[in-house]
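Student: I would like to work through this protein one part at a time, with each term explained when it comes up. Could we start with its overall division and then turn to the details?

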Amino acid sequence: MRVVLAEDLFLLRDGLVRLLEAHDFEIAAAVESGPELARALAELEPDVAVVDVRLPPTHTDEGLQCALDARRERPGLPVLVLSQHVEQLYARELLADGSGGVGYLLKDRVFDAEQFVDAVRRVAQGGTAMDPQVIQQLLARRSGDDRPLARLTPRELEVLELMAQGRTNAAIAARLVVTERAIAKHTANIFAKLGLEVSDDDNRRVLAVLAYLDHGR
């Protein structure tokens with residue numbers, strides 16, 4: 001699996017290269033600026049891009065914008081964005097096209113090698129990986145005036161949060177130490193209470209939940 005990595009801090013970039021290579025990823029390019037990232041994504045056509053939001057020369061959201069431009073040129077290009085802080089706008093821009101293959105994690109997550117590598121693989125395979133803090137903020141924002149959310153049981157809210165992070169039913173079942181059948185039942189109840197269309201596709205469910213939390217019905 002070929003990766004283009006963009007991070008302007010040398011030590012972090014070098015550490016991510018070593019981590020990914022240790023888990024059998026091939027680093028097609030490791031760059032430090034927006035222009036370098038744009039060229040690498042256009043010329044190398046990686047399986048996934050792992051991109052810091054803020055890159056030279058602007059140090060604003062150059063990395064994110066380069067990644068979004070690349071997805072417009074190559075729809076579905078898997079992109080995992082890393083950020084120092086939670087910014088719902090960044091998550092919203094990533095999810096705007098309504099397709100999968102996107103992720104948004106806080107940089108702190110890279111220190112949990114298993115979690116980070118799992119997110120890279122999930123995004124590369126067309127799934128979604130959203131930082132738990134992003135989901136918590138979305139839930140907090142909606143919970144105050146959202147009657148459907150208020151109808152969810154504590155366990156259903158727990159399942160909803162894990163689902164919105166991009167986890168499959170199997171992964172949620174393992175996390176909560178219950179059967180997949182139990183999670184499927186919770187998922188059906190969640191979608192019925194929120195008025196969402198049920199799908200057997202894990203990623204479609206994730207995107208539907210994220211769209212509901214971010215925009216409402």
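Tutor: The bounds of a domain come from an automatic or database domain assignment. This is a predicted model, in which local features need pLDDT of at least 70 and side-chain atom pairs count only at pLDDT 80 or more, while totals for chains, interfaces and linings use all residues. Residues are numbered from 1 along each chain as its sequence is written, and side-chain values use heavy atoms, with hydrogens and water left out.

Student: What distance separates the centres of domain 1 and domain 2?

Tutor: The protein is divided into domain 1, covering 2–142, and domain 2, covering 148–214. Across the boundary, 19 residues of domain 1 are in contact (heavy atoms within 4.5 Å) with 14 residues of domain 2. Taken over C-alpha atoms, the separation of the two centres is 24 Å.

Student: Within domain 1, which residues of strand 4 lie on the side opposite V79, V81 and S83?

Tutor: Helices (H or I, at least four residues) and strands (E, at least two) are DSSP runs, numbered from the N terminus. Strand 4, residues 79–83, has five of its five residues buried, where buried means under 20% relative accessible area, exposed over 50% and partly exposed in between, with a 1.4 Å probe and protein chains only. In a regular strand the side chains alternate between the two faces of the sheet. Both faces of strand 4 are covered, with V79, V81 and S83 buried on one side and, on the other, L80 and L82.

Student: Which residue of strand 4 stands opposite V51?

Tutor: Strand 3, residues 48–52, runs parallel to strand 4 and is joined to it by four bridges; two strands pair if DSSP finds at least two bridges between them. Strand 3, helix 3 (residues 62–73) and strand 4 also make a right-handed β-α-β unit, meaning that, with the strands pointing away from the viewer, the path from the first strand over the helix to the second runs clockwise. The residue of strand 4 that faces V51 is V81.

Student: In strand 5, what is the bridge partner of V79?

Tutor: Strand 4 and strand 5 (residues 102–106) pair in the parallel sense over five bridges. The chain passes from strand 4 through helix 4, residues 88–95, to strand 5 in a right-handed β-α-β crossover. Along this pairing, L80 stands opposite G103, while the partner of V79 is V102.

Student: What handedness does the β-α-β unit of strand 5, helix 5 and strand 6 have?

Tutor: Five of the five residues of strand 5 are buried, so this strand is largely enclosed by the rest of the structure. Three bridges join strand 5 to strand 6 (residues 128–130), the two running parallel, and G103 stands opposite A129 in strand 6. The unit that strand 5, helix 5 (residues 113–124) and strand 6 make is left-handed.

Student: Is L95 buried or exposed?

Tutor: L95 lies in helix 4. Not counting residues up to four places away in sequence, L95 touches V102, M130, L207 and L210. Its relative accessible area is 17%, which means that L95 is buried.

Student: How far is D97 from P75 in space, C-alpha to C-alpha?

Tutor: D97 is found in the loop between helix 4 and strand 5, and with a relative accessible area of 45% it is partly exposed. D97 and P75 are 22 residues apart in sequence, and their separation in space is 9.2 Å.

Student: Turning to domain 2, within what arc do the buried residues of helix 10 fall?

Tutor: Helix 10, residues 180–194, has I183, T187, I190, F191 and L194 buried. Seen down the axis, these buried residues line one face of the helix, whereas R181, K185 and A192 on the other side are exposed. The arc, which is that of the directions from the helix axis to the C-beta atoms, is one of 90°.

Student: What is the relative accessible area of E156?

Tutor: The place of E156 is in helix 8, residues 154–164. Leaving aside its neighbours within four places in sequence, E156 is in contact with R151, H186, N189, I190 and K193. E156 is buried, and its relative accessible area is 4%.
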